[in-house]
Every structure is written in C-alpha cells, then in structure tokens.
Amino acid sequence: MDPAALVADTPRAQAAALREGRVTAVDLAAAAVAASRALDDEVNAFLAIDADGAHAAAQEADRRRAAGEDGPLLGVPIALKDDLDAAGHVTSWGTRSRRTPARADGPVVTALHRAGAVPIGRTTLPELALYGFTESAFSGITRNPLDPTRTSGGSSGGSAAAVAGGAVGIATASDGAGSIRIPAACCGLVGIKPGAGRTPGGGWNGLSVQGCLTRRVADSALYLDLVGDFPSPLATAAEQDPPALRVGVDLASPVAPALPLDPDLEAAARRSAELLAGLGHEVRDVRVRYGAAPAGFVARMLHGLATAAGDVDDPALLETRTADVARIGRLVPDAAIGSARRQGEAWGRRVLADLGVDVLLTPPARGPAVPVGHWAGRRGLPTMLAQARHYAHTPAWNHTGLPAAVVPMGGSDGGLPPAVQIVVGPGHDARLVSVAAQLERAVLPTAHG
C-alpha cells in the first residue's frame, strides 16, 4: 500500500498494516518525514525533523518484527514534544536559555524505545511550556492546520499541529494546566490528562503529567498503557461501555461566572450531555464550588515556573514575559507549596462526591482557538490573567490530580470543531477512557474501528 496514505491514519491502523506486511516501518517513516516537512512549511509544528534517526529506528523496528516481535507502536511514527529528555540531546523546553544536553533518556523516551516507536522529530512549545499558545522567540509561531490564522494551542501546540495536520498519527504531550487538553480543543483532537502520578512527570510541584495527542480515544489509551502505570488496561476500557453513571454539567466559568461562553462550545457540551443521557446515564446541571482551589493552583504553578526558570543555563535569554512570571513566582514561599498541594488533593477527593456525580462535563475553554498573535507583546502578568479567563476550565483538574479529557464533538458553523471536557474522580482513569470512547462512538459511529 501507499505509505503516504497511511501516515495520517491512526496508530492502530498503522500497526495493523505493519503487522500484516502491507508496509515496512522504513517506508512508513520516510513518508512521515516527508509529510512532516511539508506540514512544517505551513504551520511550523517541528523544532527539528530527524530523518536519519527515524530511518535508523525504523530499520530496528523492521528487524524486531522480522524476528517475531509485535506491539501496538512497533514501527509506528511518533512526534516528540521537546520536553522529553533523550541522552545527548538538548531538551529545549521552548527556550533559547537551555544548552546542556541530557545525560540519559527520560522514562517516556525509554518506554517508547522499548515499544519500538519511531520518533520523527521534536515539536514546538512555548517557552518553559508556560502558555496556552505556541509562539516564542525561540521557535516562532505555530499555527493551527485547521485554520492557519489561529493558534494550535499550548503548550503542546506543535504536537497538536503535527497530528491535526496529518504528519503523524500520534505525538507526545504534557499537561500542567491544560497543555494536552487545550491543543486538543483547538485542533479537533483527543487529549487525555491522566490522574496524577500515573505517568512520568510531576513538574510544576506535581501539577504536570505526560500524555499524548491523537484523533481517537483508543489510540491515546494504548499509548498511556505503554508509558504509564494503571490498575487495569486503558485500551480495554476504550472498547467497553461504562455502566450507568451520574453525570453533572457545569458551564459556568470557574474564575468569573458571568463570563460569556462561545455558542458552539455551549452547544457541544449540551449535545454531549444529551448523548450520554440517551445512552442511559443520569444527567443534570450542577455548579462546582471552587473555593480556594484557584489560589492553590496559582501558588504551585508560579513557584514551579520560578524553579524551572532558575534551572536554565542562561536566565538572561528568557523572554520578558516569562521572566516577569518567574519573578512573581519567586515571591511564593517554599513552605506554601506543601499545604497547597494537600489542599488540592483533598478537594479532589470530594469535589465530585459533593456534587453527587461520577462524571463532570464542562467546556474546555470559554471560546475557540484565538488568532495567532492574540497575546503578542503583552507582559507576563497580563498574559497570565488573560489566559486564566479564556482557559478557565482546565487548571483545577491539575490541582486536584483528577483524570480529565477533551473529546471533539464534530463540526461547527465557525469551522473549528468544538469539544467538551470530561472529568472523573480520583483513580478512575479507566472510567474516563470508557466514557470518552462511548461519547466518541456516539459522535462518530466508526470511531471504534
């Protein structure tokens, strides 16, 4: 078969073609490199495309398959967000201020090598993964393949652009305040933030976790099974309908309840609620009581950013707005972080129980992907305040450590597909995947294939 036609397909479809001998990993990698280069000219999804490295990894994958080995990502092309350590590689974190190569592979890169995935290149991110848009002095502007006048989101914006643009079927991502879910919402993708501690990460004082971006829930589930530690396989959960659950819907902004909500996003949330009700779930409107949670999150995030900014090789090369935020973060005392973390975890244990629900539905943001340059030229504090209003619905679930996901809900009059966010209680990653996959099947009846 034509490898170029397979590049934009799902990792499961690519793995099946490799398993059945319809394509080699070497040919598939070459097609992915070509597609990545073509896409990069349009949207700037990659910091670097490594054709030689991809070819070598693909050769090894073909050798392993010829020796009788198999696996869900063996020989499958993947793009890596440039926050993952690989031995001898400078992990940029989107900044000019880091120059020291990593001494060893990090746990995610190790797991992907073990699985036989084929890294194609490194994707863009905003400086120190701080923003919900991917624009920086280091890598320039990353655009949304669905509408190049708009952002692909952030901080995993390059990974989202690579998948949404058809260069690869899967890309790594990380999420400390919405950095998987925001790009997923911007680009019509699936983005799952696993529960705290289930995958490597833990940056920003435990707020950040590792995950990926894909077009289908089942593909994200199989990736998380490979790199994470879950009580039961998420790939199995993706194939099973959940039992009847209590579902709450909250459309109000956590930071300013009177903030307007984009009509397409409101319609997507309502439609998802109606679909779940039709599938046998008990659905009702609720109102989350956030209390002191936003303040606790801000303390952890600012302190974590200040720590990251202090860990670069040349702080003088940080962008002005990043240095602004780091300066504020240094005012947060170390002693405040432990109590903030405990407060978030304690609130997470009870927030859905207090509402009397098993699942919470919210919008992923107050509006669609913003135009590129929307926040250009602003200093650090105004940028963070503006983001807090627009991306109000994602950070709380990092603070609590609760599993959360964004699932696209089909087309809209505005051109960009709206999405809904799904949140579940602590330890229920499998439930999250099961509900997300069930909703996906209701929206796209062929999505389980």
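Buried means under 20% relative accessible area, exposed over 50%, and partly exposed in between, using a 1.4 Å probe and protein chains only. This is a predicted model, where local features need pLDDT of at least 70, side-chain atom pairs count only at pLDDT 80 or more, and totals for chains, interfaces and linings use all residues. Residues are numbered from 1 along each chain as its sequence is written, and side-chain values use heavy atoms, with hydrogens and water left out.

**View 1. T134 sits in a loop between two strands.** The loop runs between strand 3 (118-123) and strand 4 (135-136). Strands are DSSP runs of E, at least two residues, numbered from the N terminus. T134 has 1% relative accessibility, so it counts as buried.

**View 2. The T134 side chain reaches the backbone of G157.** The partner atom is the backbone nitrogen of G157, at 3.3 Å.

**View 3. Residues from other parts of the sequence contact T134.** Contact means heavy atoms within 4.5 Å. Neighbours within four places in sequence are left aside. T134 then touches T124, L125 and P126, and also G140, I141 and T142. The list further includes T151, G153, G154, S155, G157 and G158.

**View 4. The setting of these close-ups is a protein of 449 residues.** Buried residues make up 58% of them. Among contacts between residues at least 6 apart in sequence, 75% join residues at least 24 apart. The C-alpha atoms fill a box of roughly 55 × 55 × 40 Å, taken along the principal axes.

Key:
Helix = DSSP H or I, 4+ residues; strand = E, 2+ residues; numbered from the N terminus. Polar contact = N/O pair within 3.5 Å; in protein donor to acceptor, adjacent residues only side chain to side chain.
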